[in-house]
Amino acid sequence: MCVTGLDSNRSRPSFDLTRQPWIKAVMCDGSQTNLTLVEVFARAGEVRRIVGDLPTQEFALLRLLLAVAHDALEGPQDTDGWVDLWQDPKCLDPVGSYLDAHCERFDLLHPVTPFMQTAGLRTARDEVFSLNRIVADVPNGEPFFTSRMPGVGRLSFAEAARWVVHAHAYDTSGIKSGMVGDDRVKGGKVYPLGTGWAGALGGVFVEGDTLRETLLLNLIAADTDGLELPAGDRPAWRREPCGSAGGERIPTGVRDLYTWQTRRLRLHHDSDGVTGVVLGYGDPLAPRNQHRREPMTAWRRSQAQEQKLRRSPIYLPLEHDPARAAWRGLEALLADRPAAGQDAEAAVRLRPGVLEWIARLVTDGALPRGFLVRARVIGTVYGTQQSVIYDVIDDHLTMPVVLLHQHDRVLARHAIDAVSEAERAVTVLGDLATDLARVVGRDSDGPRLAARGLGFAELDGPYRLWLRDLAGAADPDVHRTRWQQDTYRNLSRLGEQLISRAGDAAWEGLVAATSKGTQWLHSGSAEKWFRIRLNTVLSDPYPRDRARLLDEGACMTTPAKSTNPAQRVAALTGSLIVPLQRGYVSDESYAVAALARLRRGAGKDVSQMPDLWGLADTGPLHGRPVEGGRPLSESELVRAEDAVYVALTLWALHQQSRGTAMHRPGSRTAPRALGAAVRQLMPPGEIAEPIRKRFVRAGTAPGLTALAQRLRELVLLLRGADIPLDYALLAGQLYSWQEPAGREAVRRMWGRSFHSYRAPDQDEADAPVAADATNPLTDSMDKDAS
């Protein structure tokens with residue numbers, strides 16, 4: 001039994017990590033406590049997870065616990081041995097006696113073998129430095145996520161122990177003080193030798209529901225292919241204590257790597273706590289081609305290193321990108337190792353060995369296909385030549401283990417492809433932001449980055465939930481379609497918000513000469529390209545919705561069932577115009593007289609024209625619709641009646657002196673919406689600037705009366721060219737215009753119909769185009785900007 005506290009026989013302080021609480025833990029009941037090293041293993045089934053002062057500290061401590069477990073259990077040797085451990089609730093009991101046997105090496109204050117320190121370590125001038133040097137939330141005196149201001153003057157022994165483990169794993173690089181006895185010292189200094197070993201990794205581990213599960217899931221069997229787990233592997237406490245001089249050597253296995261001594265350090269303390277530290281370089285370790293020894297990171301093939309060293313392949317750790325959530329890097333976690341063979345090409349990436357191990361467990365049936373695990377990713381971002389910690393990355397991804405199955409790759413392919421779809425769809429959203437910025441002459445880089453950030457944030461939660469449920473889906477293809485639909489819906493909403501915020505300036509846009517002729521580039525054309533590309537990258541997830549957008553924006557008159565207010569207004573307007581139009585064309589006196597009265601109100605405030613009020617029966621708007629739904633509120637009734645009267649008066653003006661019907665319901669082959677009608681006023685392949693300006697002015701009208709006045713100008717042009725219009729559709733849009741945010745929605749419909757119209761003999765300039773065609777927004781302004 002080791003002595004903890006003050007040893008009365010030897011009169012020395014002691015802090016035995018096997019018997020003193022120092023590891024912070026969250027229990028399964030949600031409470032938090034500090035545990036001894038013995039308690040961590042004895043109560044692992046009650047512990048939800050260990051926690052650190054920083055996420056990187058948690059990763060470093062977990063690796064320490066794994067080294068203890070591997071060494072104490074001497075395995076597992078194979079899958080069968082692992083299954084025996086998994087099924088035995090007392091499988092970690094041998095760790096207690098193991099720690100008792102080695103407790104002297106776990107004494108933080110031992111005079112000869114202090115835990116992970118070098119006894120007697122000193123500089124030539126016997127300097128003792130601030131604890132800021134090992135406390136990573138104040139790297140080199142610069143505040144990070146910390147309440148320790150302005151610095152660290154003292155640490156408890158428990159805190160100091162955690163930071164000692166962390167320093168070996170994540171200490172920064174840079175010039176450090178030279179230690180007496182280290183032949184690398186030049187002028188009292190040792191020049192940069194790299195960060196702690198874990199700092200070079202994109203850390204990955206598998207997290208279970210309890211610490212016991214987490215330890216076992218990351219406890220890799222000795223016979224695992226692709227990893228070197230030799231019998232002679234030993235952790236730091238079963239090796240000779242490190243002297244002040246460090247040097248390069250080859251790790252013997254995971255126990256060695258998990259406790260790798262990248263630093264030489266020594267704590268200075270009094271009876272109450274730690275007051276200072278001596279810190280220098282220890283054993284540097286180059287990350288090149290350590291993939292057969294280090295299982296807790298993904299690996300990437302480095303062409304630059306292969307060219308430099310003239311060797312192939314060369315793998316380096318795949319570090320985490322702080323700008324990318326864990327799910328966006330899923331391919332690196334799920335990438336299957338290529339089959340070995342004489343002519344097999346080395347993989348571009350290798351997934352972490354711990355996930356390769358989980359893949360083996362599920363493939364061999366040791367874990368059920370639906371078993372959920374959390375892949376935790378933890379890492380650091382260093383700045384200024386790795387001399388400071390710039391950022392800490394901590395994320396997780398819950399997924400069914402079947403995604404890692406070595407032979408059944410269907411679900412993994414769906415998961416990876418869904419991420420690719422998200423990436424491409426968010427790129428489309430960024431392109432929309434770019435187009436909206438360019439049509440108003442603004443720089444596009446900022447809006448594009450902001451839009452991409454919004455897009456990925458919007459998809460983050462939905463993807464994680466979709467991935468979690470993937471294994472339980474009855475039909476993976478249907479589940480994949482649901483993801484495409486969710487992505488389309490979420491990004492469409494963001495796209496509409498971007499267009500709305502772009503405002504009147506983007507609606508006005510600009511006219512530019514392109515390879516396909518003169519084109520009007522504005523928010524309407526930007527939305528057209530956005531819709532085309534979003535549908536394409538998501539495999540057209542809503543074909544009916546695409547048809548609906550075409551209909552409502554370009555060619556649809558009233559639907560069969562009219563339940564919402566705009567549809568009811570459209571239906572009523574159509575029913576009022578048709579008999580009057582038939583009578584006028586037939587030269588019936590009642591219809592001629594009615595039109596004469598109606599057209600006098602064109603472009604005027606309906607409330608100021610009482611002689612028009614009896615011309616149209618708006619009674620159907622006051623009752624409950626036959627098809628079901630609620631009656632209109634008082635404010636909705638006012639908007640609805642105003643919309644009906646404005647549409648009727650404009651139609652009457654349009655129909656004047658015309659022997660054919662000027663109100664005609666549209667169809668996809670003969671669109672009659674306002675935008676399509678305005679486009680017909682212009683020559684194919686050209687933009688008539690006076691007409692465009694009138695259309696723009698209509699789209700920026702501040703209210704219904706101003707809109708009616710500006711539409712009157714367009715109607716006169718349509719009458720002169722004998723171009724009919726769907727006034728039922730227009731009436732519904734006039735109602736929507738008066739709703740909150742309705743102007744933007746209606747303007748988008750007009751823009752879609754303008755750009756969707758194609759004359760029978762027109763070339764491809766304004767026709768709907770394939771998604772891989774050239775976008776005139778970029779073609780006309782900057783081919784290389786995107």
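**Walking through a predicted model**

Student: Let's begin with strand β10 (residues 274-281). How many of its eight residues are buried?

Tutor: Happy to start there, and keep in mind that this is a predicted model. Strand β10 is mostly covered. Of its eight residues, the number buried is seven.

Student: Which residue in β10 is the bridge partner of R263?

Tutor: Look at strand β9 (residues 263-269), which pairs with β10 in the antiparallel sense over seven bridges. The two strands form a hairpin with four residues between them. Across this pairing, the bridge partner of R263 in β10 is Y281.

Student: There is another hairpin further along. Which residue in β17 stands opposite A513?

Tutor: Strand β16 (residues 510-514) and strand β17 (residues 517-521) run antiparallel and are joined by five bridges. The hairpin takes β16 to β17 through two residues. Opposite A513 in β17 stands T518.

Student: Now the open sheet of three strands. What is its strand order?

Tutor: Start from the edges, where β4 (32-35) and β5 (47-50) each pair on one side only. Strand β3 (residues 23-27) is joined to β5 by three bridges, and the two run antiparallel. With antiparallel pairing in the sheet, the order is β4-β3-β5.

Student: By how many degrees are neighbouring strands of this sheet turned against each other on average?

Tutor: The sheet is open, with three strands in antiparallel pairing. Ignoring direction, its neighbouring strands are turned against each other by an average of 40°.

Student: Which residue of β5 is the bridge partner of M27?

Tutor: Three bridges join β3 to β5. In the bridge that involves M27, the partner in β5 is V47.

Student: A helix lies across β3 and β5. At what angle does it run to β5?

Tutor: The helix is α2, covering residues 55-73. It lies across both β3 and β5. Its angle to β5 is about 115°.

Student: Let's turn to helix packing. Are α16 and α18 roughly parallel or roughly antiparallel?

Tutor: Helix α16 (residues 565-585) packs on helix α18 (residues 634-655) at an angle of about 30°, with the axes 10 Å apart. Angles under 35 degrees count as roughly parallel. So the relation of α16 to α18 is roughly parallel.

Student: Is the crossing of α16 past α18 left-handed or right-handed, and how many residues of the contact are nonpolar?

Tutor: In α16, the contact includes V569, L572, L576 and L580, and these belong to a set meeting α18 residues that include A640, V644, L648 and W651. The contact also has three polar residues and one charged. The crossing is right-handed, and the number of nonpolar residues is 14.

Student: How do α14 and α23 compare: is their packing roughly parallel or roughly perpendicular?

Tutor: Helix α14 (residues 523-537) and helix α23 (residues 742-756) pack at about 75°, with axes 8 Å apart. Angles of 65 to 115 degrees count as roughly perpendicular. Therefore α14 is to α23 roughly perpendicular.

Student: How many nonpolar residues are in the contact of α14 with α23?

Tutor: From α14 come G524, S525, E527 and K528, which meet R748, G751, R752 and H755 in α23. These residues divide into four polar and four charged. The count of nonpolar residues is no more than that: no nonpolar.

Student: Which elements do the buried residues of α10 pack against?

Tutor: Helix α10 (residues 353-363) has 11 of its 11 residues buried, including W357, R360 and L361. After the helix comes G365, with a positive phi near 85°. The elements packed against the buried residues are α3 (79-87), β8 (203-207), α6 (211-217) and α9 (330-334).

Student: Why does W82 count as buried?

Tutor: W82 sits in helix α3 and touches residues including L216, L219, W357 and L361. Buried means under 20% relative accessible area. W82 counts as buried because its relative accessibility is 0%.

Student: How many Å separate W82 and L219, C-alpha to C-alpha?

Tutor: In sequence, W82 and L219 are 137 residues apart. L219 is nevertheless among the residues that W82 touches. Their C-alpha to C-alpha distance is 8.1 Å.

Student: Finally, what percentage of the 786 residues in the chain is buried?

Tutor: The chain has 24 helices and 17 strands. Among contacts with a separation of 6 or more, 70% involve residues 24 or more positions apart. The buried share of the chain is 56%.

Definitions and conventions:
Residues are numbered from 1 along each chain as its sequence is written. This is a predicted model: local features need pLDDT of at least 70, side-chain atom pairs count only at pLDDT 80 or more; totals for chains, interfaces and linings use all residues. Side-chain values use heavy atoms; hydrogens and water are left out. Axes are lines fitted to C-alpha atoms, for helices over the stretch in contact, and angles run from 0 to 180 degrees between N-to-C directions. Angles under 35 degrees count as roughly parallel, over 145 as roughly antiparallel, 65 to 115 as roughly perpendicular and the rest as oblique. A crossing is left-handed if the near helix is turned anticlockwise from the far one by less than a right angle, and right-handed if clockwise. Contact means heavy atoms within 4.5 Å. Ala, Val, Leu, Ile, Met, Phe, Trp, Tyr, Cys and Pro count as nonpolar, Asp, Glu, Lys and Arg as charged, and the others, Gly among them, as polar. Two strands pair if DSSP finds at least two bridges between them. Buried means under 20% relative accessible area, exposed over 50%, partly exposed in between (1.4 Å probe, protein chains only). Lists of a residue's contacts leave out its neighbours within four places in sequence.
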